[in-house]
Amino acid sequence: MNWKDFFNMGGYAFYVWGSYLTMLILIGGEVLAVSLRKQKLATRQFSRTGTSEDGNQ
Amino acid sequence: MNWYKYASPSAFYPLAGRLIPWFAIPAAVLFIAGLYVGFFVAPTDFQQGEAYRIMFIHVPAAWMGMLLYVLMAGYAAIGWAFNARLASMMASSISIAGASFTLLSLVTGALWGKPTWGTWWVWDARLTSTLILLFLYIGFISLQAAIDDPKRADRAGAVLAIVGVVNVPIIYFSVQWWNTLHQGATIRILGKPSIHSTMLAAMLIMLAACWLYSVAVTLMRLRCIIMEREQHISLVNAESRSRLQTSVQA
(Lines give C-alpha, C1' and ligand atoms only; values in the text may rest on other atoms or scores of the structure.)
Protein backbone atom coordinates (compact mmCIF):
# COMPACT_ATOMS: atom_id res chain seq x y z
CA MET A 1 0.00 0.00 0.00
CA ASN A 2 1.12 3.50 -0.83
CA TRP A 3 1.31 5.78 2.23
CA LYS A 4 1.01 8.94 0.17
CA ASP A 5 -2.33 7.74 -1.19
CA PHE A 6 -3.33 6.71 2.29
CA PHE A 7 -2.74 10.17 3.74
CA ASN A 8 -4.39 11.79 0.77
CA MET A 9 -7.64 9.86 1.48
CA GLY A 10 -8.82 10.18 -2.11
CA GLY A 11 -8.73 13.98 -1.86
CA TYR A 12 -10.75 14.05 1.38
CA ALA A 13 -7.65 14.33 3.62
CA PHE A 14 -8.75 17.58 5.30
CA TYR A 15 -12.20 16.24 6.19
CA VAL A 16 -11.15 12.74 7.25
CA TRP A 17 -8.05 13.72 9.25
CA GLY A 18 -9.81 16.81 10.57
CA SER A 19 -12.48 14.52 12.06
CA TYR A 20 -9.97 12.18 13.65
CA LEU A 21 -7.95 15.11 14.97
CA THR A 22 -11.09 16.55 16.57
CA MET A 23 -11.70 13.22 18.29
CA LEU A 24 -8.10 13.11 19.51
CA ILE A 25 -8.32 16.66 20.87
CA LEU A 26 -11.65 16.07 22.65
CA ILE A 27 -10.67 12.72 24.19
CA GLY A 28 -7.10 13.78 25.00
CA GLY A 29 -8.34 17.08 26.41
CA GLU A 30 -10.94 15.39 28.60
CA VAL A 31 -8.43 12.89 30.03
CA LEU A 32 -5.89 15.67 30.61
CA ALA A 33 -8.46 17.91 32.31
CA VAL A 34 -9.57 15.10 34.65
CA SER A 35 -5.96 14.19 35.46
CA LEU A 36 -5.10 17.80 36.31
CA ARG A 37 -8.24 18.11 38.43
CA LYS A 38 -7.25 14.97 40.32
CA GLN A 39 -3.68 16.13 40.79
CA LYS A 40 -4.86 19.45 42.19
CA LEU A 41 -7.16 17.68 44.66
CA ALA A 42 -4.40 15.28 45.67
CA THR A 43 -1.95 18.09 46.46
CA ARG A 44 -4.64 19.89 48.44
CA GLN A 45 -5.37 16.74 50.42
CA PHE A 46 -1.63 16.22 50.95
CA SER A 47 -1.14 19.70 52.35
CA ARG A 48 -4.11 19.19 54.67
CA THR A 49 -3.51 15.71 55.97
CA GLY A 50 0.13 15.08 55.16
CA THR A 51 -0.75 11.87 53.34
CA SER A 52 -0.71 11.27 49.62
CA GLU A 53 -3.55 9.52 47.84
CA ASP A 54 -1.91 6.16 48.36
CA GLY A 55 -1.92 6.70 52.07
CA ASN A 56 1.88 7.04 52.16
CA GLN A 57 3.47 9.59 54.43
CA MET B 1 -21.40 -8.99 49.70
CA ASN B 2 -23.46 -5.97 50.57
CA TRP B 3 -23.90 -3.92 47.41
CA TYR B 4 -25.87 -1.17 49.15
CA LYS B 5 -22.67 -0.22 50.88
CA TYR B 6 -21.43 1.20 47.56
CA ALA B 7 -24.28 3.70 47.40
CA SER B 8 -22.21 5.79 49.78
CA PRO B 9 -19.74 8.01 47.90
CA SER B 10 -16.86 7.34 50.27
CA ALA B 11 -17.31 3.56 49.91
CA PHE B 12 -17.63 3.79 46.13
CA TYR B 13 -14.50 5.92 45.80
CA PRO B 14 -11.94 3.09 46.15
CA LEU B 15 -14.12 0.67 44.12
CA ALA B 16 -14.28 3.23 41.27
CA GLY B 17 -10.49 3.49 41.42
CA ARG B 18 -10.10 -0.26 41.03
CA LEU B 19 -12.65 -0.39 38.17
CA ILE B 20 -11.05 2.30 35.98
CA PRO B 21 -8.24 0.19 34.40
CA TRP B 22 -10.77 -2.55 33.53
CA PHE B 23 -12.50 -0.06 31.24
CA ALA B 24 -9.61 2.18 30.17
CA ILE B 25 -7.31 -0.58 28.86
CA PRO B 26 -9.95 -2.41 26.74
CA ALA B 27 -11.07 1.02 25.46
CA ALA B 28 -7.54 1.79 24.20
CA VAL B 29 -7.20 -1.68 22.61
CA LEU B 30 -10.59 -1.38 20.87
CA PHE B 31 -9.85 2.15 19.61
CA ILE B 32 -6.72 0.83 17.91
CA ALA B 33 -8.56 -2.25 16.56
CA GLY B 34 -11.45 -0.09 15.31
CA LEU B 35 -9.11 2.31 13.52
CA TYR B 36 -7.25 -0.63 11.96
CA VAL B 37 -10.44 -2.21 10.63
CA GLY B 38 -11.80 1.20 9.62
CA PHE B 39 -8.77 2.26 7.60
CA PHE B 40 -7.11 -0.96 6.41
CA VAL B 41 -9.88 -3.58 6.17
CA ALA B 42 -13.07 -1.72 5.22
CA PRO B 43 -13.27 -1.00 1.48
CA THR B 44 -13.72 2.40 -0.15
CA ASP B 45 -17.35 3.42 -0.46
CA PHE B 46 -18.51 3.47 -4.08
CA GLN B 47 -20.57 6.65 -3.61
CA GLN B 48 -18.74 8.68 -0.99
CA GLY B 49 -15.16 7.56 -1.61
CA GLU B 50 -12.88 7.80 1.41
CA ALA B 51 -14.94 10.56 3.07
CA TYR B 52 -17.25 7.93 4.52
CA ARG B 53 -14.47 6.88 6.96
CA ILE B 54 -15.58 9.85 9.06
CA MET B 55 -18.65 7.72 9.88
CA PHE B 56 -16.56 5.46 12.11
CA ILE B 57 -16.43 8.28 14.63
CA HIS B 58 -19.52 10.25 13.65
CA VAL B 59 -22.03 7.44 14.21
CA PRO B 60 -20.63 6.16 17.55
CA ALA B 61 -20.26 9.77 18.78
CA ALA B 62 -23.87 10.57 17.91
CA TRP B 63 -25.12 7.44 19.66
CA MET B 64 -23.02 8.15 22.74
CA GLY B 65 -24.37 11.70 22.88
CA MET B 66 -27.95 10.40 23.02
CA LEU B 67 -27.34 7.38 25.26
CA LEU B 68 -25.30 9.34 27.77
CA TYR B 69 -28.05 11.94 27.95
CA VAL B 70 -30.64 9.31 28.88
CA LEU B 71 -28.20 7.82 31.40
CA MET B 72 -27.45 11.26 32.86
CA ALA B 73 -31.16 12.07 33.21
CA GLY B 74 -31.75 8.64 34.80
CA TYR B 75 -29.06 9.16 37.42
CA ALA B 76 -30.21 12.73 38.04
CA ALA B 77 -33.78 11.46 38.56
CA ILE B 78 -32.64 8.72 40.97
CA GLY B 79 -30.53 11.23 42.86
CA TRP B 80 -33.46 13.60 43.12
CA ALA B 81 -36.16 11.03 43.99
CA PHE B 82 -34.17 9.00 46.53
CA ASN B 83 -31.87 11.75 47.74
CA ALA B 84 -28.94 9.60 46.62
CA ARG B 85 -25.83 11.77 46.51
CA LEU B 86 -23.76 9.32 44.50
CA ALA B 87 -26.35 9.14 41.68
CA SER B 88 -26.42 12.94 41.40
CA MET B 89 -22.63 13.04 41.29
CA MET B 90 -22.73 10.41 38.57
CA ALA B 91 -25.11 12.60 36.53
CA SER B 92 -22.72 15.56 36.83
CA SER B 93 -19.81 13.38 35.79
CA ILE B 94 -21.63 11.95 32.76
CA SER B 95 -22.71 15.39 31.52
CA ILE B 96 -19.18 16.39 30.44
CA ALA B 97 -18.55 13.15 28.52
CA GLY B 98 -21.97 13.44 26.86
CA ALA B 99 -21.41 17.05 25.83
CA SER B 100 -18.01 16.12 24.42
CA PHE B 101 -19.44 13.29 22.27
CA THR B 102 -22.33 15.45 21.06
CA LEU B 103 -19.89 18.18 20.01
CA LEU B 104 -17.77 15.54 18.27
CA SER B 105 -20.78 14.26 16.34
CA LEU B 106 -21.67 17.80 15.19
CA VAL B 107 -18.12 18.66 14.13
CA THR B 108 -17.54 15.37 12.30
CA GLY B 109 -20.99 15.71 10.74
CA ALA B 110 -20.03 19.12 9.36
CA LEU B 111 -16.70 17.78 8.10
CA TRP B 112 -18.56 15.00 6.33
CA GLY B 113 -21.37 17.25 5.09
CA LYS B 114 -19.08 19.73 3.32
CA PRO B 115 -17.65 17.28 0.75
CA THR B 116 -20.78 15.10 0.56
CA TRP B 117 -23.72 17.53 0.72
CA GLY B 118 -21.73 20.59 -0.28
CA THR B 119 -22.54 22.43 2.95
CA TRP B 120 -21.20 22.49 6.51
CA TRP B 121 -24.61 22.90 8.07
CA VAL B 122 -28.32 22.84 7.22
CA TRP B 123 -31.22 23.57 9.57
CA ASP B 124 -32.45 20.05 9.09
CA ALA B 125 -34.53 18.28 11.79
CA ARG B 126 -31.81 15.88 12.86
CA LEU B 127 -29.01 18.43 12.89
CA THR B 128 -31.10 21.00 14.72
CA SER B 129 -32.33 18.54 17.37
CA THR B 130 -28.72 17.38 17.95
CA LEU B 131 -27.66 21.00 18.38
CA ILE B 132 -30.45 21.35 20.97
CA LEU B 133 -29.01 18.26 22.72
CA LEU B 134 -25.65 20.02 22.98
CA PHE B 135 -27.38 23.11 24.41
CA LEU B 136 -29.18 20.91 26.96
CA TYR B 137 -25.84 19.48 28.10
CA ILE B 138 -24.30 22.96 28.27
CA GLY B 139 -27.36 24.19 30.17
CA PHE B 140 -27.08 21.33 32.67
CA ILE B 141 -23.35 21.91 33.20
CA SER B 142 -23.62 25.68 33.59
CA LEU B 143 -26.71 25.46 35.80
CA GLN B 144 -24.87 23.14 38.18
CA ALA B 145 -21.79 25.33 38.07
CA ALA B 146 -23.83 28.44 38.89
CA ILE B 147 -25.35 27.07 42.11
CA ASP B 148 -23.05 26.84 45.11
CA ASP B 149 -25.08 24.45 47.26
CA PRO B 150 -24.52 20.97 45.73
CA LYS B 151 -27.94 19.73 46.86
CA ARG B 152 -29.78 22.57 45.15
CA ALA B 153 -27.51 22.30 42.10
CA ASP B 154 -28.39 18.60 41.80
CA ARG B 155 -32.11 19.28 42.08
CA ALA B 156 -32.11 22.10 39.51
CA GLY B 157 -29.97 20.03 37.15
CA ALA B 158 -32.30 17.04 37.53
CA VAL B 159 -35.35 19.10 36.48
CA LEU B 160 -33.57 20.35 33.37
CA ALA B 161 -32.18 16.90 32.50
CA ILE B 162 -35.55 15.15 32.87
CA VAL B 163 -37.45 17.72 30.81
CA GLY B 164 -34.76 17.54 28.12
CA VAL B 165 -35.15 13.77 27.69
CA VAL B 166 -38.07 14.54 25.34
CA ASN B 167 -35.47 15.64 22.80
CA VAL B 168 -33.78 12.21 22.54
CA PRO B 169 -36.62 10.36 20.73
CA ILE B 170 -37.07 13.46 18.58
CA ILE B 171 -33.44 13.14 17.42
CA TYR B 172 -33.77 9.41 16.88
CA PHE B 173 -37.00 9.51 14.87
CA SER B 174 -36.37 12.86 13.16
CA VAL B 175 -35.22 11.13 9.96
CA GLN B 176 -38.55 9.29 9.79
CA TRP B 177 -40.90 12.03 10.96
CA TRP B 178 -39.59 14.78 8.75
CA ASN B 179 -38.23 14.90 5.26
CA THR B 180 -34.60 15.53 6.13
CA LEU B 181 -31.34 15.83 4.27
CA HIS B 182 -29.78 13.52 6.82
CA GLN B 183 -29.94 9.88 5.77
CA GLY B 184 -31.94 7.23 7.64
CA ALA B 185 -30.58 4.75 10.16
CA THR B 186 -27.64 2.74 8.90
CA ILE B 187 -27.96 0.04 11.50
CA ARG B 188 -31.45 -1.18 12.20
CA ILE B 189 -32.46 -3.21 15.20
CA LEU B 190 -34.64 -5.39 12.97
CA GLY B 191 -33.52 -6.28 9.50
CA LYS B 192 -30.24 -6.12 7.69
CA PRO B 193 -27.87 -3.17 8.00
CA SER B 194 -27.45 -1.16 4.84
CA ILE B 195 -23.63 -1.27 4.80
CA HIS B 196 -20.79 -3.70 4.11
CA SER B 197 -20.02 -6.08 7.00
CA THR B 198 -16.45 -4.80 7.58
CA MET B 199 -17.75 -1.22 7.68
CA LEU B 200 -20.33 -2.33 10.22
CA ALA B 201 -17.62 -4.14 12.24
CA ALA B 202 -15.42 -1.02 12.37
CA MET B 203 -18.38 1.07 13.50
CA LEU B 204 -19.39 -1.38 16.24
CA ILE B 205 -15.80 -1.74 17.52
CA MET B 206 -15.52 2.05 17.71
CA LEU B 207 -18.87 2.20 19.50
CA ALA B 208 -17.66 -0.34 22.09
CA ALA B 209 -14.44 1.64 22.51
CA CYS B 210 -16.42 4.85 23.04
CA TRP B 211 -18.61 3.14 25.65
CA LEU B 212 -15.64 1.78 27.60
CA TYR B 213 -13.86 5.13 27.38
CA SER B 214 -16.98 6.92 28.65
CA VAL B 215 -17.23 4.62 31.67
CA ALA B 216 -13.53 5.03 32.48
CA VAL B 217 -13.46 8.82 32.17
CA THR B 218 -16.79 9.17 34.01
CA LEU B 219 -15.45 7.13 36.94
CA MET B 220 -12.25 9.19 36.96
CA ARG B 221 -14.23 12.41 37.10
CA LEU B 222 -16.64 10.93 39.64
CA ARG B 223 -13.69 10.33 41.98
CA CYS B 224 -12.74 14.00 41.67
CA ILE B 225 -16.32 15.09 42.36
CA ILE B 226 -16.51 12.80 45.43
CA MET B 227 -13.21 14.22 46.68
CA GLU B 228 -14.43 17.80 46.18
CA ARG B 229 -17.81 17.31 47.81
CA GLU B 230 -16.94 14.95 50.62
CA GLN B 231 -13.96 16.83 51.96
CA HIS B 232 -14.96 16.17 55.54
CA ILE B 233 -14.34 12.45 55.08
CA SER B 234 -10.84 11.21 54.64
CA LEU B 235 -11.01 9.20 51.45
CA VAL B 236 -7.38 8.32 51.83
CA ASN B 237 -8.26 6.30 54.89
CA ALA B 238 -11.26 4.73 53.13
CA GLU B 239 -9.05 3.61 50.30
CA SER B 240 -6.27 2.17 52.43
CA ARG B 241 -8.84 0.47 54.63
CA SER B 242 -10.47 -1.25 51.64
CA ARG B 243 -7.03 -2.29 50.34
CA LEU B 244 -6.27 -3.76 53.72
CA GLN B 245 -9.54 -5.72 53.62
CA THR B 246 -8.81 -7.08 50.17
CA SER B 247 -5.31 -8.15 51.17
CA VAL B 248 -6.65 -9.82 54.30
CA GLN B 249 -9.27 -11.68 52.23
CA ALA B 250 -6.63 -12.72 49.74
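**Exercise 1. Find which residues S93(B) touches, leaving out those up to four places away in sequence.**

Step 1. Begin with the place of the residue: S93(B) sits in helix α3 of chain B. Helices here are DSSP runs of H or I with at least four residues, strands are runs of E with at least two, and both are numbered from the N terminus.

Step 2. Look for contacts, meaning heavy atoms within 4.5 Å. S93(B) touches T218(B), R221(B), L222(B) and I225(B).

Step 3. Check the accessibility. S93(B) counts as buried because its relative accessibility is 0%; buried means under 20% relative accessible area, exposed over 50%, and partly exposed in between (1.4 Å probe, protein chains only).

A word on the model before you go on: it is predicted, so local features need pLDDT of at least 70 and side-chain atom pairs count only at pLDDT 80 or more, while totals for chains, interfaces and linings use all residues. Residues are numbered from 1 along each chain as its sequence is written, chains are lettered from A and ligands numbered from 1 in the order in which they are written, and side-chain values use heavy atoms, with hydrogens and water left out.

**Exercise 2. Describe the side of chain B that touches chain A.**

Step 1. Count the residues: 40 of chain B are in contact with 32 of chain A.

Step 2. Take the area. The two chains bury about 3,200 Å² between them, 70% of it on carbon and sulfur atoms. Buried area is the accessible area (1.4 Å probe) that two parts lose on being put together, summed over both.

Step 3. List the salt bridges, in which a side-chain nitrogen of Lys or Arg is within 4 Å of a carboxyl oxygen of Asp or Glu. There are two between chain B and chain A. One of them pairs R221(B) with E30(A), with the closest N and O atoms 2.4 Å apart.

Step 4. Name the elements. Helices α1 (9–41), α2 (55–81), α3 (85–117), α7 (197–229) and α8 (235–249) of chain B each give at least two residues to this side.

Step 5. Sort the residues of this side: 26 are nonpolar, six polar and eight charged. Here Ala, Val, Leu, Ile, Met, Phe, Trp, Tyr, Cys and Pro count as nonpolar, Asp, Glu, Lys and Arg as charged, and the others, Gly among them, as polar.

**Exercise 3. Place the salt bridges R85(B)–E230(B) and D154(B)–R229(B) in chain B.**

Step 1. Set the scene: chain B has eight helices and zero strands, and 49% of its 250 residues count as buried.

Step 2. Take R85(B) and E230(B), whose closest N and O atoms are 3.0 Å apart. This pair joins helix α3 to the loop between α7 and α8, across 145 residues. R85(B) is partly exposed because its relative accessible area is 44%, whereas E230(B), at 4%, counts as buried.

Step 3. Turn to D154(B) and R229(B), where the N to O distance is 3.1 Å. Here helix α5 (residues 150–164) is linked with helix α7, and the partners are 75 residues apart. D154(B) is buried at 13% relative accessibility, while R229(B) is partly exposed at 27%.

Step 4. Add E50(B) and R53(B), whose side chains meet in a salt bridge of 2.7 Å, N to O. Both residues are buried.

Step 5. Finish with the total: the whole structure holds five salt bridges over all chains.
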